[in-house]
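Dear colleague,

Please find below the structure that I agreed to hand over to you. I would be grateful if you would read the notes beneath with the structure open beside them.

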Amino acid sequence: MHRPVNIARLFVETLCIIAAVEMSIMLVLPLIAEGLGGTIEAIIDTTALTLIAGPLVLWRTFGAVRRAKVIAPSVSPSHLSTSTRGWSITVAAVTLIGLGLTALAVRATTRQNEHEARMHFDQLAERLVTEAKRRVTLPKYGLNGAKGVYAASESVGRNAFASYAASRNLKVEFPGMLGFGFVQRVMRADLPAFVAAERADDAPDFTVRTTGDAPDLYIIKFMEPREPNAAAWGYDIGSEPNRRAAAERAVRSGEPTITAPLTLVQDEKKQAGFLHFVPVYKNGTKPTTPQQREAALDGLVFAPILLAQTFQGIQGTLSDSLDLQIYEGLAPTADGLILSLDATATAQQSSAAQETVAAPLFRQSKNIKVGG
């Protein structure tokens with residue numbers, strides 16, 4: 001005698017197993033494999049359902065058979081053993097196929113995600129490089145405007161220069177730029193007459209600060225706005241090799257030029273900065289050689305610039321997941337690092353959280369030539 005298999009119960013149990021497993025997969029899959037394509041997601045879903053639900057359904061089926069005691073007397077032990085081995089081989093085959101499909105799906109998903117992440121990073125990096133170059137070169141447009149003031153007048157006095165500087169909104173138009181200045185080349189023998197003329201031009205406290213014994217000086221004649229840049233007014237930039245080299249390069253080339261990174265005299269925080277020069281030649285002259293440009297020089301309009309302020313907020317305009325390091329030179333070196341913007345710092349994470357941040361997935365290095 002035997003009890004019949006309860007088909008209805010077995011059917012309900014099978015449905016419950018499949019439904020529970022599928023619901024679990026649907027909840028977990030988006031968390032562990034976000035952004036999958038439809039085909040890959042279907043493969044992983046099917047594979048996981050087979051691997052998890054298959055053995056459970058088989059287990060419940062064997063349980064139903066054992067409960068029903070349906071093994072007939074005529075079934076020999078050898079036939080039963082063969083049948084059991086067949087079930088075992090089937091289960092093993094399904095499991096191996098499922099594992100193989102899972103491995104292929106995971107590999108394909110990993111490659112797809114890495115490819116998409118790399119493309120996204122490259123796009124953001126290119127935009128970041130473009131924005132960085134734009135911000136560094138932006139001051140030259142304001143300096144060209146100041147140069148135009150000299151081109152439109154036979155002589156530019158202190159008040160005229162101050163009026164032009166006041167007409168520009170530095171924080172909005174030129175982030176990081178501390179003001180507009182004008183440098184005049186003065187021979188050392190002519191220094192007393194130059195100082196007397198400046199004091200007579202509504203600047204009774206004008207004083208030149210210089211060192212060394214070079215035959216010529218490059219003196220900051222105008223510096224606007226005056227108050228925050230008072231420490232730079234009257235300074236002989238020719239007394240410092242970095243500044244002199246950039247100024248002379250601008251004069252002889254006729255092109256906008258920047259200094260190597262330096263500390264600005266008006267910056268009490270001693271942050272990394274640089275000076276941006278644009279040469280101005282006497283009206284009516286069109287010098288074409290370095291010697292002609294030196295002879296026709298009227299002076300240099302320039303801007304002192306702080307790097308940290310220039311690049312403030314640059315990551316937020318693109319992605320807070322990007323870090324940015326700026327180096328002086330043709331290759332990144334520890335000594336050449338002049339500015340580092342860390343995405344984890346801008347996110348205001350705690351120090352403990354920053355220690356657990358993983359290393360960057362991607363890196364890219366770009367050379368940008370600005371102002372020589």
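The notes below go from the whole chain to one helix and then to a patch on the surface.

Please keep in mind that this is a predicted model. The chain has twelve helices and eight strands. Of its 372 residues, 35% are buried. Among contacts between residues at least 6 apart in sequence, 66% join residues at least 24 apart. The accessible surface of the chain is about 21800 Å², and carbon and sulfur atoms account for 60% of that area.

Helix α8 covers residues 241-253. Its 13 residues, at 1.5 Å a residue, should span 18 Å, and the end C-alpha atoms are indeed 18 Å apart, so the expected and computed spans agree. At the N-terminal end, E240 acts as a cap for α8, with a side-chain oxygen 3.0 Å from the backbone nitrogen of N242. After α8 comes G254, which has a positive phi near 75 degrees.

Which residues of α8 are buried? They are N242, R243, R244, A246, A247, A250 and V251. The elements that cover them include the strands β2 (216-224), β3 (257-258), β4 (262-263), β5 (272-281) and β6 (297-306), together with helix α9 (290-296).

Turning to the surface, F11, V12 and L15 form a nonpolar patch there, with about 290 Å² of accessible area together. L15 belongs to helix α1, residues 7-32. Because its relative accessibility is 45%, L15 counts as partly exposed.

Yours sincerely

Conventions. Residues numbered from 1 in each chain as written. Predicted model: local features only at pLDDT ≥ 70, side-chain atom pairs only at ≥ 80, totals over all residues. Heavy atoms only, no water. Patch = residues over 30% accessible without salt bridge, like charges linked within 9 Å, V, L, I, M, F, W, Y side chains within 5 Å. Areas by Shrake-Rupley, 256 points an atom, 1.4 Å probe, with all protein chains shown as cover. Salt bridge = Lys/Arg side-chain N within 4 Å of Asp/Glu carboxyl O. Helix = DSSP H or I, 4+ residues; strand = E, 2+ residues; numbered from the N terminus. Buried < 20%, exposed > 50% of the residue type's maximum accessible area, 1.4 Å probe, protein only. Expected span 1.5 Å × (residues − 1). Contact = heavy atoms within 4.5 Å. Polar contact = N/O pair within 3.5 Å; in protein donor to acceptor, adjacent residues only side chain to side chain.
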